[in-house]
Structure formats: C-alpha cells, structure tokens
Amino acid sequence: MDAVYETSEEKECVILVAVELNNTGNRTKNQTSTSVDNSLDELQELAQTAGARTVGRLVQNREAVHPGTYIGKGKISELRDMVSGLHADAIICDDELSPAQLTNLQEELSCKVIDRTVLILDIFAAHASTSEGKLQVELAQLRYRSSRLIGLGKSLSRLGGGIGTRGPGEKKLEADRRMIRERISVLNRQLKELVQNRDTMRRQRSRSQIPAVAIVGYTNAGKSTLLNALTEASVLEEDMLFATLDPTTRERELENGQKILFTDTVGFISKLPHQLVQAFRSTLEEAKYADLILHVVDASNPEYDFQMEVVYETLKELGIEKKPVITIFNKIDQVSNENDRAALKDLRSDDFVLISAREGTGFGCLLEKIEKLLNEGFVRIERVIPYADAGQIQKIRRYGRLEREEYREEGIYVEAEIPPFLA
C-alpha cells in the first residue's frame, strides 16, 4: 500500500510594527480613539486572515513618524535583530507607508516589508468571488501601486507567494505607470458597465416600492449572520475579518404581510484604504439608496465605541449620514455583565436593540422597531373597496399594514396603514 503524505501550506512568519505618537498635537484621529495595542491586535487578526503567523511586535514612541524609515535608526537595528532571531519572513507596519519609507525599510532590513493597506488589499483579493469584486480589488491595487512603482523596486517582479502577491499580479519594472494607467482605464470601463447594471437593479427595486434596509457595520460584527437569520439566506459566515465582500439582497415578509428587502454590505475597518473606498463606492452606496440602515455592532468587543465611530465616519464620507438608523448591539450572549449590557447605547441612532444573531434572540423587538421606523408617515385608511378592485387588497398587504378586513355586501371593508404613494 502506498504511503500517504499530508501536506500543509507553510505560513509566513511576520513581525508587527507600529509608531505611537506621544505628542497629542500630532496624533491622528484613529490614534486618539484607540490604543496602539488594540490597533496591533486588529492588525494581527488581519495577518491571520491573510494566512500569516505573528511571531513578534515592535512599538516605538516618537514625536512624529520618521519621514524616511517610519521608525528611528535605533529601532531599525532592534527590528533587524528580531527578524534574524525570530526567523521572520516579513514586516507589517500598522500605517500606510510612503514609497521612500517602503524602499528604505526593505534595504535596511533585507526582507519583505508591507503596510496595513497592502495587507487589507491582499485579503480583499483572496476573498473576492464575483467578477465585480475582483475588478474592484484589482483597481484598488493598481491605484495603490501606481504611486509606488519606484518604492516597490525589484519587488515588482515577485515570483514567490505570500501576502501582497495575490490579485492581479505584477510584471517587471517596465510595466510602468503608462501600462498601469491603461489597465486602470480598462477596469474603469468594465466596472462602469457593472455599476450601470447595479443601478438598473436599484431602479427596479425602487419601482417595486418595497422598503429597502441596508445592513452596515464594522467587519466581523455579524452582518452576514444577521442577514441569514432574518431572511434564511446562505451568505458565508466566518469568524474572520472581511469574510464576505459582495453585497447580497434578500426579501423578508413580516407577520402583517409587508415585504422588506435586506442588503448586506462590505464591512468597515479602521484606516480603510482610500483606494478601496473609491473602488467599492458603488457597493458601499447600497446604503445610500436604502430607506433604513441597520448598524450592527459587536457588543462583546471592548473597542465597540471606536468601531461605531469608524462606521459613522465612513458613512459620512459616503454622504450617508442623514438616513434613519437602528443600532443593533449583536453578540449580546457574550456580554454576561448586566452593567455592561445597561451601558450599551447609541445616542446618534434613532433607536437601538440588543440581540444575538447566532442564538436568534431579540428578533421580535428588532422587527417591531424596523416596522415602526419604515412605516412613519404612513396614512391610515378606513374604507370599502369594491369587489371589482379587490386587487388593491394585495397591494395593501405588500406595501402597508392591513389591520382589519371585512367582507360586506357593497365590498371589502378595510382598516389599514399604507404609504402615501398608495393612498
């Protein structure tokens, strides 16, 4: 009998590097909102999602980020020893590096150096499954690389595997800005057609007059799990960052017969690369055309306040800050302390609710709040509909709330609340 050999892909060993600014005047918005340790914890999760294993961390306190090498010379020497001692394959920096910083660090350390942006782009490249998602990721990667051709240097002809090499791939240095610009133009044309198709679908949904609800939130907050629980969809559920990228729309019928469309969107994250926001704008703007936004928050995460701030800032950047919002504190089954539960509030939303999408608790209250907000401005009617127009009853069930239905000699007597367009 032939021997059976088990093989497994060897994970890259990486060291995480961050700069903590000790001058509050120079701190960025993200750095004031969360500690460097928490940011590195998230970076480690990103690295794990990308298939890497973290073997060390290095944090430097500075007045400002070093313009040439990100960290100072002393820390570079310490980092070089760490790379050698821990047999690390790559360095991952917690901020986006300039071309000069990238080049200088690689020369000083003689190993691969990537930044947070490349790491996130790599995860998107690995998880994109639809043609639109793949085009969006490739466009974001090319936009990022177009300004870093000199900084990437020899790495433009990477032949090895690992983080930063997935996606559209890279040719040699002769694939300069002109070639990248040509490829970006091609991608823009292809994406324009896909965006037009998405707009057509939106218009069709709008003509149907069925209320649309967009599910947004920080990555891994439980958006896909919530969509599956609400609509019996089959969206991938994984305990990892950016498990799903492509928006999914499913219909749900409430107990009163009213139908609602729920759409899951791509997750947000701290320091979300600007290239991704641009490339995924048509996907992210699903929330812009919704009648109501469900903001899903991981209540079990100690940094949920900061994550909520990131979501609101991203919505503001997309011009979606005036929609009615219900904040959903998810994973409440993992919050056992009553004081912690009592502290869960969101003063910026129209309402909030505590649920567990995994356990299926709190859904009754959630659906009541959704129905209440969607039906604000509805018109109450009490009238007799002739039997010749009995089809109107079905429209009331579909778009409004039918409270009473009585068959009389002259017609069907109804008491209902309906949207203004139907009244």
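# Reading helices and loops in a predicted model

Analyst: Helix H9, residues 223-231, is largely enclosed by the rest of the structure, because 8 of its 9 residues are buried. Please bear in mind throughout that this is a predicted model.

User: What is the overall make-up of the protein in secondary structure, and what share of its residues is buried?

Analyst: The secondary structure comes to 15 helices and 13 strands. Of the 423 residues in the protein, 51% are buried. Among contacts between residues at least 6 apart in sequence, 70% join residues at least 24 apart.

User: Which residues of H9 are buried, and against which elements do they pack?

Analyst: The buried residues of H9 are Lys223, Ser224, Thr225, Leu226, Leu227, Asn228, Leu230 and Thr231. They pack against five strands and a helix, namely E5 (212-217), E6 (248-253), E7 (259-264), E8 (292-298), E9 (325-330) and helix H14 (363-374).

User: How should one describe the packing of two helices, and at what angle do H9 and H14 cross?

Analyst: Two packed helices are described by the angle between their axes and the distance between the axes. The axes of H9 and H14 cross at roughly 85° and come within 12 Å. The two helices are therefore roughly perpendicular to each other. Leu226, Ala229 and Leu230 of H9 make the contact with Phe363, Leu366 and Leu367 of H14. By class, the residues of this contact are 6 nonpolar, no polar and no charged.

User: How are H5 and H6 arranged, roughly parallel or roughly antiparallel?

Analyst: Helix H5 (residues 116-127) and helix H6 (residues 131-146) pack at an angle of about 155°, and their axes are 9 Å apart. That angle makes H5 roughly antiparallel to H6. The crossing of H5 past H6 is left-handed. On the H5 side, Thr117, Val118, Leu121, Phe124 and Ala125 take part, and they meet Val137, Ala140, Gln141 and Tyr144 of H6. This contact has 7 nonpolar, 2 polar and no charged residues.

User: Is there a general reason for the spacing of contact residues along a helix?

Analyst: An α-helix has 3.6 residues a turn, so residues three or four places apart point the same way. In H5, the residues that meet H6 include Thr117, Leu121 and Phe124.

User: Which residues of H2 and H5 meet, and what classes do they belong to?

Analyst: Helices H2 and H5 pack at an angle of about 35°, with 9 Å between their axes. Their crossing is left-handed. From H2, Ser39, Glu42, Leu43, Leu46, Ala47 and Thr49 meet Arg116, Leu119, Ile120, Ile123 and His127 of H5. These residues divide into 6 nonpolar, 3 polar and 2 charged.

User: How can the length of H2 be checked, and which of its residues are buried?

Analyst: At 1.5 Å a residue, the 14 residues of H2 (residues 36-49) should span 20 Å, and the end C-alpha atoms are 20 Å apart, which agrees. The buried residues of H2 are Val36, Ser39, Leu40, Glu42, Leu43, Leu46, Ala47 and Thr49. They pack against strand E1 (12-21), strand E2 (52-62), strand E3 (90-93) and H5.

User: What does the sign of phi tell a reader, and where are positive values found?

Analyst: Most residues other than glycine have a negative phi, and most peptide bonds are trans. Tyr70 has a positive phi near 70°, and its place is the loop between E2 and helix H3 (73-86). Ser110 also has a positive phi, of about 55°, and lies in the loop between helix H4 (99-109) and strand E4 (112-115). A further case is Glu232, just after H9, with a positive phi of about 60°. Gly51, which follows H2, has a positive phi near 100°.

User: Are Tyr70 and Ser110 buried or exposed?

Analyst: Tyr70 counts as buried, because its relative accessibility is 1%. Ser110 counts as exposed, because its relative accessibility is 65%.

User: Where is Asp95 found, and which residues does it contact?

Analyst: Asp95 is in the loop between E3 and H4. At 18% relative accessibility, Asp95 counts as buried. Leaving aside neighbours within four places in sequence, Asp95 is in contact with Tyr70, Asp115, Arg116 and Lys271. Asp95 and Val65 are 30 residues apart along the chain, and their C-alpha atoms are separated by 9.9 Å.

Terms used. Residues are numbered from 1 along each chain as its sequence is written. This is a predicted model: local features need pLDDT of at least 70, side-chain atom pairs count only at pLDDT 80 or more; totals for chains, interfaces and linings use all residues. Side-chain values use heavy atoms; hydrogens and water are left out. Buried means under 20% relative accessible area, exposed over 50%, partly exposed in between (1.4 Å probe, protein chains only). Helices (H or I, at least four residues) and strands (E, at least two) are DSSP runs, numbered from the N terminus. Contact means heavy atoms within 4.5 Å. Axes are lines fitted to C-alpha atoms, for helices over the stretch in contact, and angles run from 0 to 180 degrees between N-to-C directions. Angles under 35 degrees count as roughly parallel, over 145 as roughly antiparallel, 65 to 115 as roughly perpendicular and the rest as oblique. A crossing is left-handed if the near helix is turned anticlockwise from the far one by less than a right angle, and right-handed if clockwise. Ala, Val, Leu, Ile, Met, Phe, Trp, Tyr, Cys and Pro count as nonpolar, Asp, Glu, Lys and Arg as charged, and the others, Gly among them, as polar. The expected span of a helix is 1.5 Å times one less than its number of residues.
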